[in-house]
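Thanks for asking me to look this one over. My notes are below, as numbered points you can check against the structure as you read.

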Amino acid sequence: MTDINGSLSVVTGGSSGIGEAVARALAARGSQVILLARNADRLSAVVRQIRKEGGRADSYVLDLADPVAIASVANELVSAHGAPQILINNAGAGRWLPLLQTTADEAAAMMTVPYLAAFNITRELLSGMLERRSGHIVNVTSVAARLAWPGAVAYSAARAAMEGFTDSLRADLHRSGITVTLAMFGTVDTPYWEHNPGSKERLPHQAVRLPVLSSQHVASLIVSAIEKGSRTIIAPSSFRLLFLLNALFPRQIEASLCKAP
């Protein structure tokens with residue numbers, strides 16, 4: 001388990017949505033948070049709000065699709081603040097599109113963020129955690145990693161890559177003192193939907209019937225997992241049953257997900 005109070009946390013995609021909510025929740029528990037994202041104005045606004053609430057926060061403007069920029073910012077970050085105890089790989093991008101409507105460039109971009117972004121920032125920050133023999137990494141992804149439905153081919157594949165990365169990273173870090181959590185969420189009320197019109201219409205009817213999570217609730221689940229040393233978060237919890245049924249009866253669940261409401 002990681003002690004949040006007095007820790008240093010790095011949060012990617014920290015300018016809005018889940019990343020902003022997690023950063024504010026960690027700061028409220030005494031962690032100094034470092035936010036990474038592309039939007040300088042939004043980053044500054046989140047940092048000001050956290051400081052106004054009595055927390056400690058700084059930010060670096062960073063395009064997480066650029067591995068050279070990641071290496072440069074990570075080096076600057078560690079030189080200024082030291083190695084983090086907590087890393088939240090939350091940054092994600094990508095539209096829900098059928099295969100024939102997805103360009104090669106779009107598919108590559110969706111794999112770059114979240115998967116390669118998480119891979120590269122983790123690689124750059126991991127050495128300090130290993131030297132300390134403690135830390136916690138949270139990889140945020142979607143339930144689409146395990147339950148694919150029509151109209152989200154590249155998106156689902158990129159989210160599945162995050163689960164594969166998490167499993168492999170755990171094997172690499174066995175007995176290192178570092179915990180790796182996979183956080184899988186259904187529909188979350190974030191700016192994603194505004195920036196990707198038409199995506200909600202492609203949700204399978206099973207997901208539509210489940211509650212929409214607030215970013216604050218998601219943040220509380222992530223903070224709790226860090227405090228408890230949990231390996232996995234799945235929310236809403238109903239998806240646990242769907243995952244089990246999918247493992248036992250894949251053809252039937254596939255047919256159900258592909259069926260019109």
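What follows is a short set of comments on salt bridges, a pocket, a surface patch and some backbone details.

1. A word on the source before anything else. This is a predicted model, so please read each value below as computed from predicted coordinates.

2. Let me begin with the salt bridges, of which the structure holds 9. A good one to open with is the pair Arg24 and Glu20, whose closest N and O atoms are 3.5 Å apart. Both residues belong to helix H1 (residues 17-28), and their spacing of 4 residues is about one turn of the helix. How exposed is each partner? Arg24 has a relative accessible area of 30%, so it is partly exposed. Glu20 counts as buried because its relative accessibility is 16%, and the cut-off for buried is under 20%.

3. Next comes a bridge between Arg146 and Glu163, with an N to O distance of 2.7 Å. This pair links distant parts of the chain: Arg146 sits in the loop between strand S5 (135-142) and helix H5 (153-172), while Glu163 is in helix H5, 17 residues apart from it. Arg146 is partly exposed at 33% relative accessibility, whereas Glu163 is buried, with a relative accessible area of 14%.

4. Helix H5 deserves a second look for the pair Arg170 and Asp167. Their side chains meet in a salt bridge at 3.4 Å, N to O. Both lie in helix H5, 3 residues apart, which is about one turn of the helix. Here Arg170 counts as buried, at 15% relative accessibility, and Asp167 as partly exposed, at 42%. Elsewhere, salt bridges with shared partners join Glu20, Arg24, Arg42 and Glu53 into one network, and the Arg24 and Glu20 pair from point 2 belongs to it.

5. Which residues line the second largest pocket? The lining consists of Arg170, Leu173, His174, Arg175, Ser176, Gly177, Ile178, Thr179, Val180 and Arg231. The space in this pocket is about 150 Å³. Strand S6 (residues 178-185) supplies the largest share of the lining, 3 residues. By class, the lining has 3 nonpolar, 4 polar and 3 charged residues. Arg170 is worth a note here, as it lines the pocket and also takes part in the salt bridge with Asp167.

6. Arg175 is another of the lining residues, and its backbone merits a check. Its phi is positive, about 65 degrees, although it is not a glycine. You will find Arg175 in the loop between H5 and S6. Is it buried or exposed? Arg175 is exposed, because its relative accessibility is 71% and the cut-off for exposed is over 50%.

7. Please inspect Arg133 as well. This residue is not a glycine, yet it has a positive phi of about 60 degrees. Arg133 is placed in the loop between helix H4 (104-132) and S5. With a relative accessible area of 53%, Arg133 is exposed.

8. One peptide bond is easy to miss when scrolling through. From Ala235 to Pro236 the bond is cis, with omega near -5 degrees. Pro236 lies in the loop between strand S9 (232-235) and H9, so I would name both ends of that loop in your description, using the strand and helix assignments.

9. On the surface, Leu241, Leu244, Leu248 and Phe249 form a nonpolar patch, with about 410 Å² of accessible area together. Leu248 is part of helix H9 (residues 238-248). The relative accessible area of Leu248 is 53%, so it is exposed.

10. A last point concerns a contact across the sequence. How far apart in space are Val78 and Gly128? Their C-alpha atoms are 8.6 Å apart, although 50 residues separate them in sequence. Val78 is in helix H3 (residues 67-81) and is partly exposed, with a relative accessible area of 32%.

Note on methods. Residues numbered from 1 in each chain as written. Predicted model: local features only at pLDDT ≥ 70, side-chain atom pairs only at ≥ 80, totals over all residues. Heavy atoms only, no water. 1 Å grid on protein atoms, 1.4 Å probe; cavity = no way out; pocket = protein on both sides within 12 Å on 5 of 7 lines; lining within 4 Å. Points joined across faces, edges and corners; volume = space filled by probe spheres on them. Helix = DSSP H or I, 4+ residues; strand = E, 2+ residues; numbered from the N terminus. Nonpolar A, V, L, I, M, F, W, Y, C, P; charged D, E, K, R; others polar. Patch = residues over 30% accessible without salt bridge, like charges linked within 9 Å, V, L, I, M, F, W, Y side chains within 5 Å. Areas by Shrake-Rupley, 256 points an atom, 1.4 Å probe, with all protein chains shown as cover. Salt bridge = Lys/Arg side-chain N within 4 Å of Asp/Glu carboxyl O. Buried < 20%, exposed > 50% of the residue type's maximum accessible area, 1.4 Å probe, protein only.
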